[in-house]
Amino acid sequence: MKHLYVHVPFCARRCTYCDFAIAVRREVPVEEYIDAVARELAMRCPDGSRWEVDTLYLGGGTPSMLGGAGVARLLQRVRERVSVAPGAEVTLEANPENVAVDAVREWRAAGINRLSLGAQSFDDRVLRWMHRTHDSAMIGRAVDAARAGGIDELSLDLIFALPDVLERDWMGDVRRVAALEPAHVSLYGLTVEPDTPLGRWRDRGSLLEAGEDRYEADFLRAHELLDAAGYEHYEVSNYARPGRRARHNSSYWRHVPYMGLGPGAHSFDGEARRWNVGAYAAWARELRSGRDPIAGREVLTDESLACERIYLGLRTVDGLRVDDALARRVLPWVEAGWALLDHGRVRLTPTGWLRLDALASALTVAGSRY
């Protein structure tokens, strides 16, 4: 495995749309958490050999809540058993309010060379509705602080397809992100999950979700603007300057093995997927007691692996190689403007990506007949 994900679960509050494995804490138990990660890593790599990784991703949650010194100590403990390859991509997810020049300098000195900033919107009304802990002014200040502290490899996230009642200026947000000139941009359509504040608002009738037409319009308009600004739309939700794709996330889409540490983290060894218990307290308790915090494991069948490869291949601009029989199956997609077919490789267009689930399912069913 060449890719390591470490889940840092702590957040100052839960956002209205969030159903991730997080732990809301005013005071982050930094040392307790780092010790637990070190115990899990020793359990996963017991032979003492130094495992080399090409990408290391600290995700969350809000990893930047560990502070400059906390991130440095976490990476120090990880390096006791992991060798970070020269030129590796080392990413830290951060909220704008945690990004100050001094902290960035500590992160950079510890080996962080990429920041993923959760901007989500530049509209303060929208940020309050989302229960975000920053305002719009903090986003620009965070970008400036990151660059001043020595990290220029920046990715910014935005969420689209918000309820109409918010009257959010979506294209204004996209223009403001492009004006900051980050290396990478991620755009995620709002999904209302059951066990979230949004899910409860919807269930009691106080939230009306944006319709499919709105989702499609937001997606395609953003594509046009970012494409014109020089960004490559290389995966359904992701845009990058030439040569600046997210290497860690790209490993997931290539279906290669990776390891996950921390509460709720998933791992994949090429044949089976495993995942940890999601609650921070339970995960830490298992490790203190010397027990494996695994919550479940699934051995994937050949059919499941083939299905995942089709879905993951279709979600990137690199596309999926198909044989002659399947190539004939996708010709109607080409005629509809949903796909391109070139030398046995099918690539979905942005309008095709809007139909990704259905098209991947259709191709999976078609492939099972041969």
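Before you click on anything, one cut-off: a residue counts as exposed when its relative accessible area is over 50%, and as buried when that figure is under 20%. Keep in mind, too, that this is a predicted model.

**Stop 1: a borderline pair in α3**

Select D102 and R105. D102 comes out at 55% relative accessibility, so it counts as exposed. R105, at 47%, is partly exposed. The two form a salt bridge, with the closest N and O atoms 3.9 Å apart. Both sit in helix α3 (residues 101-110), three residues apart, which means that about one helical turn separates them.

**Stop 2: the sheet**

Now colour the strands. You should find an open sheet of nine, with mixed pairing, in the order β9-β10-β8-β7-β6-β5-β4-β1-β11. Look at the edges: β9 (232-235) and β11 (259-261) each have a single partner strand, so one side of each has no neighbour in the sheet. On average, neighbouring strands are turned by 20 degrees against each other, direction ignored.

**Stop 3: α2 on the sheet**

Next, bring up helix α2. This helix packs on the sheet and touches β1 (3-8), β4 (51-60) and β5 (82-94), and its direction makes about 150 degrees with that of β4. Try a distance between its end C-alpha atoms: they are 17 Å apart, which agrees with the 16 Å that twelve residues should span at 1.5 Å a residue. Show side chains and pick out G68, G70, V71, L74, L75 and V78, which are buried. The buried residues of α2 pack against β1, α1, β4, β5 and α3.

Stay in α2 and select R73. Which residue does R73 form a salt bridge with? The partner is E31, and the closest N and O atoms are 2.5 Å apart. That pair links distant parts of the chain, with R73 in α2 (residues 67-78) and E31 in α1 (residues 30-44), 42 residues apart. R73 is partly exposed at 32% relative accessibility, and E31 is partly exposed as well, at 39%.

**Stop 4: into β7**

Go back to the sheet and isolate β7 (residues 154-160). Is this strand largely enclosed or open? Seven of its seven residues are buried, so the rest of the structure largely encloses it. In a regular strand, side chains alternate between the two faces of the sheet. Here L154, L156, L158 and F160 point one way, while S155, D157 and I159 point the other.

Add the neighbours. Strand β6 (residues 114-120) pairs with β7 in the parallel sense over four bridges, and Q120 stands opposite L158. Strand β8 (residues 184-189) also pairs with β7 in the parallel sense, over six bridges. Across that second pairing, S155 stands opposite H184 and L158 stands opposite L187. Then switch on helix α6 (residues 170-180): together with β7 and β8 it makes a right-handed β-α-β unit.

**Stop 5: a buried salt bridge**

Finish with R168 and D173, whose side chains meet in a salt bridge at 2.7 Å, N to O. Are these two buried or exposed? R168 is buried, with a relative accessible area of 8%, and D173 is buried at 4%. For one more selection, take E40, R44, R274 and D292, which salt bridges with shared partners join into one network. If you want to keep hunting, the structure holds 22 salt bridges.

Definitions and conventions. Residues are numbered from 1 along each chain as its sequence is written. This is a predicted model: local features need pLDDT of at least 70, side-chain atom pairs count only at pLDDT 80 or more; totals for chains, interfaces and linings use all residues. Side-chain values use heavy atoms; hydrogens and water are left out. A salt bridge is a side-chain nitrogen of Lys or Arg within 4 Å of a carboxyl oxygen of Asp or Glu. Helices (H or I, at least four residues) and strands (E, at least two) are DSSP runs, numbered from the N terminus. Buried means under 20% relative accessible area, exposed over 50%, partly exposed in between (1.4 Å probe, protein chains only). Two strands pair if DSSP finds at least two bridges between them. Axes are lines fitted to C-alpha atoms, for helices over the stretch in contact, and angles run from 0 to 180 degrees between N-to-C directions. Contact means heavy atoms within 4.5 Å. The expected span of a helix is 1.5 Å times one less than its number of residues. A crossover is right-handed if, with the strands pointing away from the viewer, the path from the first strand over the helix to the second runs clockwise.
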